[in-house]
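Trainee: I am new to this structure and would like a close look at a single part of it, in one connected account. Please begin with the chain as a whole, so that I can see where that part belongs.

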Amino acid sequence: SSSPPSMPASRTSRKPKKPPPITPKRFNRFFTPRTSASMSSSRALGKSGRQLRDITRSGANRRSGSGASNSSALGKRTLFEDIDTNQDTVQTPQLSSRKRRKGLATPESSPLQSSPLRRRGSNGSDISVFEDIEEEIEAGSDNRIISNSLLSEPVFPKPVRRAKCLGVNGRIVSRSFGGASALGRGMKQDHCSGWGHQTTNFYSEPGYRYPFQSPYLPFCVASGNCNDLIAVGDEFGGIMCLNSTMTNSQNQVHTPLHLNSHSNAVMDIAFSPDDALLASASGDQQVHITDLTTSKIKFVLSGHISTVRQVRFQPGNNNVLATSGRDGNVLFWDLRCSGRREVIQLRDPSTGGLLRFEKPLHLNTYNTIPDAHAEVKPLQQVLPPQTKSRDIPPPGILVGRRGDISITSIAFLGQGREHLLLTGSEASTSVRLWDIRGRCTRYNVPTPISYTALPDAHSAHRHYGINSILLNSDESRFYTLSRDSTIYAYSTSHLILGSAPELSISPSSTPQYRSTGKTGLGPIYGFRHPRFHATSFYVKAALRKATDSQPELLAVGSSDACPVLFPTDEKFLNRPVPQEDEDEDDDDLPSLNSTISEVSQSLPSRPAMRRMLSSTSLQTRPADTIPIYELGTPLVRGHEREVTSVSWTSRGDLVSLSDDYSVRVWKEGEKARELRMGGEVEGRRWGCGWAEVPESWDEDDD
């Protein structure tokens with residue numbers, strides 16, 4: 001047969017380039033099985049063995065014509081133990097010393113038959129596996145040995161399956177084999193403890209209860225970042241600083257600071273990153289910056305036209321801070337800017353007498369986000385149809401704004417993204433993300449970078465406001481305390497969908513303010529507890545950062561006269577397991593499902609959220625579409641009335657503030673179990689508080 005025409009040569013080449021052929025040596029090496037080299041040649045060959053011997057002879061790769069007609073019979077699987085591999089019958093030509101250029105095989109030198117081991121029914125021919133073996137079994141041939149392993153399907157060992165939800169015992173076993181591959185969020189080291197062990201060891205003694213004299217009702221509390229100082233603001237504008245490591249009697253002697261800073265209630269307090277300055281927001285529409293080394297007011301920030309609700313320093317910066325107010329504005333201040341000095345008078349709120357004169361520096365804002373959460377309606381819905389063109393306001397004016405929406409919570413992102421700010425309002429649970437580098441004026445409608453979607457239950461029922469916004473240790477999650485008595489957890493990466501250069505930690509060479517106004521995703525799960533209710537905006541939340549010895553915890557106040565602790569490590573969340581992945585061995589795996597169900601059953605059932613309609617009937621709230629977990633632990637007997645503000649000290653102790661005119665410090669230790677087990681004998685529990693657990697929690701293991 002004639003060979004196919006060669007490819008035309010390129011215009012730039014002088015001679016046509018042909019790929020070199022495959023040498024017979026390589027061909028024989030490919031088709032000669034290794035396992036048959038040591039076998040005897042005297043054994044009788046089967047049908048398949050003879051066919052494989054014929055194609056491995058010298059020159060078989062150049063056969064054509066009649067050899068091609070028998071190719072259909074060579075596509076069956078054979079047994080290599082029957083092949084005669086006599087070296088005398090196989091002649092392999094030697095390669096010349098001249099080097100050859102590597103290339104593809106040509107049609108003249110390529111074999112007409114492909115390997116029997118590689119063919120899978122090409123050219124429409126069906127391959128019957130073990131067809132030769134079945135034929136010889138029927139013929140009664142005894143000249144071959146058939147392995148049982150070839151007739152049966154291959155058996156693979158069952159892979160080692162990882163436990164879906166490890167409990168305490170399972171994590172101890174995992175740590176003995178080298179530890180887990182990755183830790184969950186909210187932990188730096190896995191101490192192989194369950195979620196109950198993280199929240200049930202808190203207690204408070206009578207010496208760590210600091211009473212306030214009426215009418216000085218405490219309103220807010222804050223803790224230092226790198227010392228044991230706590231600051232408490234009261235209803236009459238005073239600020240008292242205490243040492244969280246000292247008892248009440250010791251603090252009365254060694255009180256480091258007592259300020260009469262404002263003429264109205266102190267709504268919020270914040271320490272600077274180095275604890276050198278103390279910022280206090282008040283109902284007198286001002287923010288005072290006090291130098292703690294001199295106990296004097298150093299700056300006065302006046303710009304709000306209503307009560308200032310919250311104040312926050314920028315992470316790692318003692319000079320830049322943000323404030324939010326009831327007027328709906330978010331103001332930004334820089335303590336390095338120039339200002340004017342004015343004399344202020346500080347009076348004793350109890351007697352009204354003059355205490356002293358001070359002359360601090362009054363500063364102006366350097367940036368403003370006006371009406372940060374205002375809802376603006378189109379002009380067609382606000383102006384009547386007969387409105388003349390001269391009566392239409394210029395672009396940018398907020399026409400149809402639904403009053404002043406109070407900004408109740410603000411939070412800066414961490415270093416590297418400190419120019420981004422999260423804000424929450426009393427109008428809804430939607431969180432907005434802002435870039436403070438953008439310039440906003442009253443004629444320029446502010447547009448956030450993005451805002452989160454509302455929970456489905458809120459969209460179908462009614463909107464609830466936000467009391468607090470908190471970021472976790474690695475800023476992968478942020479939590480919002482909603483007025484529906486739920487803590488919602490959001491993913492920071494879900495704030496902006498798709499490409500998000502705004503969330504990049506690496507600094508940009510050309511920073512650019514982006515106001516896209518895109519909608520992000522809503523919460524991914526939530527926390528609730530039967531003893532946790534937020535009936536007012538004074539109920540706040542605080543988060544303890546994870547350290548090498550302490551896990552991350554979330555604390556919230558409650559109208560049920562007890563703070564509640566929630567573990568934030570997502571390892572403890574009870575995720576549902578698909579049914580198809582379960583088998584009979586699942587009962588042997590360590591799981592937290594039983595522990596969670598036991599704790600949930602031991603607590604009283606949570607009453608359903610209801611709303612009052614125009615009629616006298618009650619209607620239940622729509623069901624939640626996200627997972628809601630009740631893994632919290634209440635701290636009981638410490639307070640008698642509503643617990644509003646909470647804070648974590650630098651040592652990891654909890655500070656709670658209540659309407660019973662008291663502030664408590666909750667410490668962590670084994671004494672919590674002693675208080676639960678000791679009873680009321682000899683007044684052991686008098687003036688104490690402890691974590692509430694199920695009855696069987698403190699029982700010794702057998």
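Mentor: Among the contacts in the chain with a separation of 6 or more, 64% are between residues 24 or more positions apart, where contact means heavy atoms within 4.5 Å. This is a predicted model, in which local features need pLDDT of at least 70 and side-chain atom pairs count only at pLDDT 80 or more, while totals for chains, interfaces and linings use all residues. Residues are numbered from 1 along each chain as its sequence is written, and side-chain values use heavy atoms, with hydrogens and water left out.

The chain has 12 helices and 38 strands; both are DSSP runs numbered from the N terminus, helices being H or I over at least four residues and strands E over at least two. Of its 702 residues, 46% count as buried, a word that stands for under 20% relative accessible area, with exposed meaning over 50% and partly exposed the range in between (1.4 Å probe, protein chains only). The mean pLDDT, the predictor's confidence in each residue from 0 to 100, is 74 for the chain, and 59% of the residues reach 70 or more. Over residues 576-619 the pLDDT is below 50, although this stretch has 53 contacts in the model beyond near neighbours in sequence.

The part I would choose for the close look is strand 34, which covers residues 633-636. Thr633 and Leu635 point one way from this strand, whereas Pro634 and Val636 point the other way, and all of these residues are buried. In a regular strand the side chains alternate between the two faces of the sheet.

Strand 34 pairs with strand 30 in the antiparallel sense over two bridges, and two strands are said to pair if DSSP finds at least two bridges between them. In this pairing, Leu565 stands opposite Thr633 of strand 34. Strand 34 also runs antiparallel to strand 38 (residues 689-691), to which two bridges join it, and there the bridge partner of Leu635 is Ala691.

Moving on along the chain, we come to Arg637, placed in the loop between strand 34 and strand 35 (643-648). Its phi is near 70 degrees, a positive value in a residue other than glycine, and at 44% relative accessibility Arg637 counts as partly exposed. A comparable feature belongs to the loop between strand 29 and strand 30, where Ala561 is found: Ala561 is not a glycine, yet it has a positive phi of about 65 degrees. Ala561 is buried, with a relative accessible area of 16%.

Strand 30 also leads us to the largest nonpolar core, a set of buried Ala, Val, Leu, Ile, Met, Phe, Trp, Tyr and Cys residues joined through side-chain atoms within 4.5 Å. Of the 21 residues in this core, Tyr479, Ile487, Phe527, Phe532 and Phe566 touch the most other members. At least two residues of the core come from each of strand 24 (477-482), strand 25 (486-491), strand 27 (525-527), strand 28 (541-544), strand 29 (553-556) and strand 30 (564-567).

Two further residues show what contacts across the sequence look like in this model. Thr519 lies in strand 26 (residues 518-519) and, at 41% relative accessibility, counts as partly exposed. Not counting residues up to four places away in sequence, Thr519 touches Tyr451, Ala453 and Leu497, and its side chain is joined to that of Tyr451 by a polar contact of 3.2 Å. Such a contact is a pair of N or O atoms within 3.5 Å; within protein, one must be able to donate a hydrogen and the other to accept it, and residues adjacent in sequence count only if both atoms are side-chain atoms.

The other residue, Phe212, is found in the loop between strand 2 (209-211) and strand 3 (218-223), and at 11% relative accessibility it counts as buried. Phe212 and Tyr661 are 449 residues apart in sequence, yet 5.0 Å apart in space, C-alpha to C-alpha. Leaving aside neighbours within four places in sequence, Phe212 is in contact with Pro218, Val232, Met240, Tyr661 and Val663.
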